[in-house]
Amino acid sequence: MTAALLAPAGVFFLFLLIIPLAVVLVFSFGERAPAGGYAAAFTFDNYLNLPARSKAFINTLTLAPLGTLLTAIIAFPVAYFLAVKVSPRWRVTMLVLIMAPFWTSQLLRYYAWIMLLGAKGIPSWLALIGITDVRLINTPWAVLIGAVYGFLPLMVPPIYVSLEKLDKRLLEASADLGATPVSTFFQITLPLALPGVATGSMLVFILLMGDYILPQYLGGGKVFFIGNALVDLFLQSRNWPFGAAVSVALVLIMLVTIYAYMRFVLSRGDRRRAALV
Amino acid sequence: MRIFIAFIYVFLYAPIALIVGLSFNSGRQAFVWQGFSTEWYGKAFSNPLITEALMTSLMIALSTAFLSAIFGTLLALGLERLKGWLRVLFDILIYTSIMVPGIVIGIATLIAFVSFFDLVNPVLEAAIGWRLQMGAWAVIAAHVLFNIAVVALLVRARLQGMDRSLVEASEDLYATPAGTFVQVVLPLLAPAILAGFLLAFTFSFEDFIIAYFVAGPDVTLPIYVFSSIRRGVTPEINAVGTVVLLSSLLLLIAAQWVLRRGDRTAD
């Protein structure tokens, strides 16, 4: 009975996760066939060759954490406002309105941002008030704006949930005992909201690390991520073994950072488990 | 504070408003305003490339949602009965399917399947004159992998919050295990399953990157939108985008409504 319940999912895990990932691992030690694709071999050349794509790794490893941090910083006051200041009647509606954009065409929304950040968009409006020579599109700034725009809808809900559970009497007690609002925030509100911040950051970080559309549209080929390198290696230059090595490196980096991050979050004060989803 | 919050909502909805507004543009160029018109809606839905891509995407998303909802629920129920290393293994597999980026899943599925096809296709072709290739079915398979994990987590959370005494009461009243499941457990799990179904549908309908790798000759709506953005957008695409956008918003509100109603019945 139990076996029958687990069998369908087990089949998917085996044929769409375990075997394909194993194939990627095997391919990463192979050679590029003359016409593209894979030729059997055992070599570390693909891994030794990774520095050839160092730009993609550096961009991803700086802009993904930065974008996550920026999104968290902007999401926090939004979540706080919704959980504490808004009347319960409107809370859920306002929260759904924050989440909704994430579930609508990502391609078109980022395409609209190309217009907004392009020479005829925000830079031309800024020129009207005397700020000239602002370039946004195809810069790291555009990618960061896009990251906040794209992932705010995922960051706000978990922070909101942890703030909503927060016992308001703790804040009153803190104030009664003479704490300033600032120290109440850093000593009570923030530590108690940390699990939510951790969950949201994890989600956003995972999605940013593997993103393709955001850097493709707003980085315009100048600010590219590992995802862009992968599309190039698999669909254009058809160097599968090297692409496989890049994939393995991406997954390893993610596992290590997520593990380190979880350790860091869990080691801080309360031992509440930061649930992933 | 209020100004900041208002700004955030404007920030989130300005690009969407831009797309909706420009879908009513009468000019050929998507982003230069030339007057109000609804002609692009008519053109979009009489363009066979667009309607075909839309049908393909709907078919993929519906199949993904049904399969994920069923298999994910079964997985959650099975995990309940499981102890020891096998349970740990399944937990790892669930979290891995969620954590590995979609682009890597797409790549891994592509190279594993294509390598397999290269092995068996010569034999198949000689024997029955037919060959295996990537296509919509591979998109469904890769989407189901991710969404099984999502549904399983949702259903498991609900199972853990479920009142055990209800099941015991049902057993005490001589209900068969099947009767207990259909009349007691399933109705309690329904909101989580339905929410998972809607999430899976939306994820699958929106996904570009996995489909880009494994769809083979089939064209989904996001793939069509991507290639038409590359060629230069027409208001046609903005019109399709507006329709899709409004439908996703409705779906999301429906999901929210279902979840909230479920919470209330659980209390």
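This report looks at aromatic contacts and enclosed cavities in a predicted model.

## Aromatic pairs

Counting over all chains, there are 35 aromatic pairs here. Take F7(B) and F11(B): their ring centres sit 6.3 Å apart with the planes at 15°, so this pair is stacked. The two residues are four apart in helix 1 (residues 2–22) of chain B, which puts about one helical turn between them. F11(B) has a relative accessibility of 13%, so it counts as buried.

Then there's F116(B) with F117(B), a tilted pair with 6.2 Å from centre to centre and 55° between the planes. F116(B) is partly exposed, at 46% relative accessibility, while F117(B) comes in at 6% and counts as buried.

## A cluster across two chains, and a lysine over a ring

Some aromatics gather into one cluster: F27(A), Y38(A), Y212(A), Y217(A), F234(A) and W240(A) from chain A join F208(B), Y212(B), F213(B) and F226(B) from chain B.

Over in chain B, have a look at W40(B) too: K43(B) lies over the face of its ring, 4.8 Å from the ring centre.

## Cavities

The structure has four cavities of 30 Å³ or more, and the largest has a volume of about 110 Å³. Both chains help line that largest one, with residues including L107(A), L108(A), F205(B), E206(B) and V244(B). Helix 5 (106–117) of chain A gives two or more residues to the lining, as do helix 8 (177–206), helix 10 (221–231) and helix 11 (235–266) of chain B.

As for chemistry, the lining of the largest cavity splits into eight nonpolar residues, three polar and one charged.

Note on methods. Residues numbered from 1 in each chain as written. Chains lettered and ligands numbered in written order. Predicted model: local features only at pLDDT ≥ 70, side-chain atom pairs only at ≥ 80, totals over all residues. Heavy atoms only, no water. Phe/Tyr/Trp six-rings, centres within 6.5 Å; stacked < 30°, edge-to-face > 60°. Buried < 20%, exposed > 50% of the residue type's maximum accessible area, 1.4 Å probe, protein only. Lys NZ or Arg CZ within 6 Å of the ring centre and 35° of its normal. 1 Å grid on protein atoms, 1.4 Å probe; cavity = no way out; pocket = protein on both sides within 12 Å on 5 of 7 lines; lining within 4 Å. Points joined across faces, edges and corners; volume = space filled by probe spheres on them. Nonpolar A, V, L, I, M, F, W, Y, C, P; charged D, E, K, R; others polar.
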